[in-house]
Amino acid sequence: MEEWLTDNRLPIGKAIARFVDLLNEHASGVLDVIAGSLGLLIDGTTELLEGIPALALVALFTVLAHVLQRRWTLTLFTALSLLLVINLGLWEETVQTLVLVLYATLICMGVGVPLGIAAAHRPRLNAALRPVLDLMQTIPTFVYLIPTLILFGLGVVPGLISTVVFAIAAPVRLTSLGIAEVPNHLVEAGEAFGCTDWQKLVRVELPHAMPAILAGLTQCIMLSLSMVVIAALVGADGLGKPVVRALNTVNIEKGFEAGLAIVVVAILLDRLCRRRLA
């Protein structure tokens with residue numbers, strides 16, 4: 001029986017490889033446009049931020065942290081941690097990582113939140129999405145890094161696409177959960193006051209689901225940062241490159257410093273995006 005199963009293996013891998021080959025053959029023009037557009041957008045944003053003096057950006061992020069959270073401890077931590085990054089000589093890589101995480105998060109939230117809303121209102125769609133999201137979160141990242149590398153080539157774009165695939169499940173799940181947990185009496189009250197479906201969504205469901213949506217945002221940011229090193233393997237710039245170089249040369253000093261910079265960025269983004277408590 002075991003030999004029969006081995007000899008009659010299902011061609012799952014061949015089917016996926018054939019699908020990727022078909023995309024590469026017949027949609028190469030569209031893929032090149034997507035890769036070129038995303039590459040120009042990311043490179044342009046990175047050059048813009050790198051053109052601003054580092055200390056000016058530190059001051060800007062510090063003011064932003066104080067305005068968003070109104071906590072002097074976070075404001076002081078923001079200033080000191082970013083100055084530490086400059087001191088370690090990793091400011092340029094940190095800016096590149098921030099840009100990559102920014103665009104990955106924007107794409108994930110732009111697609112994930114509407115998809116989560118639709119899934120919360122349509123049980124069949126929710127049931128269909130669940131195994132797909134499970135697959136996207138559990139399959140090893142190196143597996144879908146291969147087709148993105150084939151389709152988009154070396155550079156920041158395959159790293160961005162892979163990051164989006166890995167991180168988009170969080171906003172979809174948490175948005176759907178937040179909408180589904182809106183109390184029935186609130187929905188019924190909105191209907192009693194004559195709200196349309198759009199008004200009910202904007203005025204009742206989204207405000208109540210906002211904590212869950214913000215949790216999806218922070219999860220998306222953390223998942224995107226966890227892909228920094230993986231993205232560096234396909235040519236994406238950022239803090240992942242020093243980590244990969246340190247791994248190749250067994251350089252504990254450089255590896256720890258780059259890892260510390262990633263931790264600093266993760267803590268800052270997490271604290272900045274958290275809901276401010278009154």
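# Exercises on an all-helix chain

Buried residues make up 41% of the 278 residues in the protein chain. Keep in mind that this is a predicted model. Grab a pencil and work through the tasks below.

## Exercise 1: The overall picture

Task: Find how many helices and strands the protein chain has, and the box its C-alpha atoms fill.

Solution:
- Step 1. Go through the secondary structure: there are 15 helices and zero strands.
- Step 2. Now lay a box along the principal axes. The C-alpha atoms fill roughly 65 × 55 × 40 Å.

## Exercise 2: A charged patch

Task: Work out which helix gives the most to the negative patch on the surface.

Solution:
- Step 1. List the members of the patch: Asp43, Glu47, Glu50 and Glu92.
- Step 2. Check them against helix H3, which covers residues 28–50. This helix is the top contributor, with three residues.
- Step 3. Zoom in on one of them, glutamate 50, which sits in helix H3. Glutamate 50 counts as partly exposed because its relative accessibility is 33%, and partly exposed runs between 20% and 50%.

## Exercise 3: A cysteine without a bond

Task: Decide whether cysteine 108 is in a disulfide or in none.

Solution:
- Step 1. Recall the chemistry: a disulfide is a covalent bond linking the sulfur atoms of two cysteines.
- Step 2. Search the whole structure, and you get zero disulfides.
- Step 3. Look at cysteine 108 itself. Its nearest cysteine sulfur belongs to cysteine 220 and is 3.7 Å away. The cut-off for a disulfide is within 2.5 Å, so cysteine 108 is in none.
- Step 4. Buried or exposed? Cysteine 108 is buried, because its relative accessibility is 0%.

## Exercise 4: Salt bridges around lysine 200

Task: Find which side chains form salt bridges with lysine 200, and say how they are linked.

Solution:
- Step 1. Start with the total: the structure has five salt bridges.
- Step 2. Take glutamate 191. Its side chain meets that of lysine 200 at 3.1 Å, N to O.
- Step 3. Take aspartate 197. Here the closest N and O atoms to lysine 200's bridge are 4.0 Å apart. Aspartate 197 and lysine 200 both lie in helix H12 (residues 197–226), three residues apart, or about one turn of the helix.
- Step 4. Compare the surroundings. Lysine 200 is buried because its relative accessibility is 13%. Glutamate 191 is partly exposed at 44%, and aspartate 197 is exposed at 63%.
- Step 5. For another bridge, turn to aspartate 270 and arginine 271, whose side chains meet at 2.6 Å, N to O. Aspartate 270 is buried, with a relative accessible area of 11%, while arginine 271 is partly exposed at 28%.
- Step 6. Put the shared partners together: Glu191, Asp197 and Lys200 are joined into one network of salt bridges.

## Exercise 5: Unusual backbone angles

Task: Locate arginine 70 and valine 250, and give the phi of each.

Solution:
- Step 1. Remember the background: most residues other than glycine have a negative phi.
- Step 2. Arginine 70 is not a glycine, yet its phi is positive, about 55 degrees. You'll find arginine 70 in the loop between helix H4 (54–69) and helix H5 (72–87).
- Step 3. Valine 250 is not a glycine either, and has a positive phi of about 55 degrees. Valine 250 belongs to the loop between helix H14 (240–249) and helix H15 (252–273).
- Step 4. Finish with accessibility: valine 250 counts as exposed because its relative accessible area is 69%, and exposed starts over 50%.

Conventions:
Residues numbered from 1 in each chain as written. Predicted model: local features only at pLDDT ≥ 70, side-chain atom pairs only at ≥ 80, totals over all residues. Heavy atoms only, no water. Patch = residues over 30% accessible without salt bridge, like charges linked within 9 Å, V, L, I, M, F, W, Y side chains within 5 Å. Areas by Shrake-Rupley, 256 points an atom, 1.4 Å probe, with all protein chains shown as cover. Lys, Arg positive; Asp, Glu negative; His and termini not counted. Charge placed at Lys NZ, Arg CZ, Asp CG, Glu CD. Helix = DSSP H or I, 4+ residues; strand = E, 2+ residues; numbered from the N terminus. Buried < 20%, exposed > 50% of the residue type's maximum accessible area, 1.4 Å probe, protein only.
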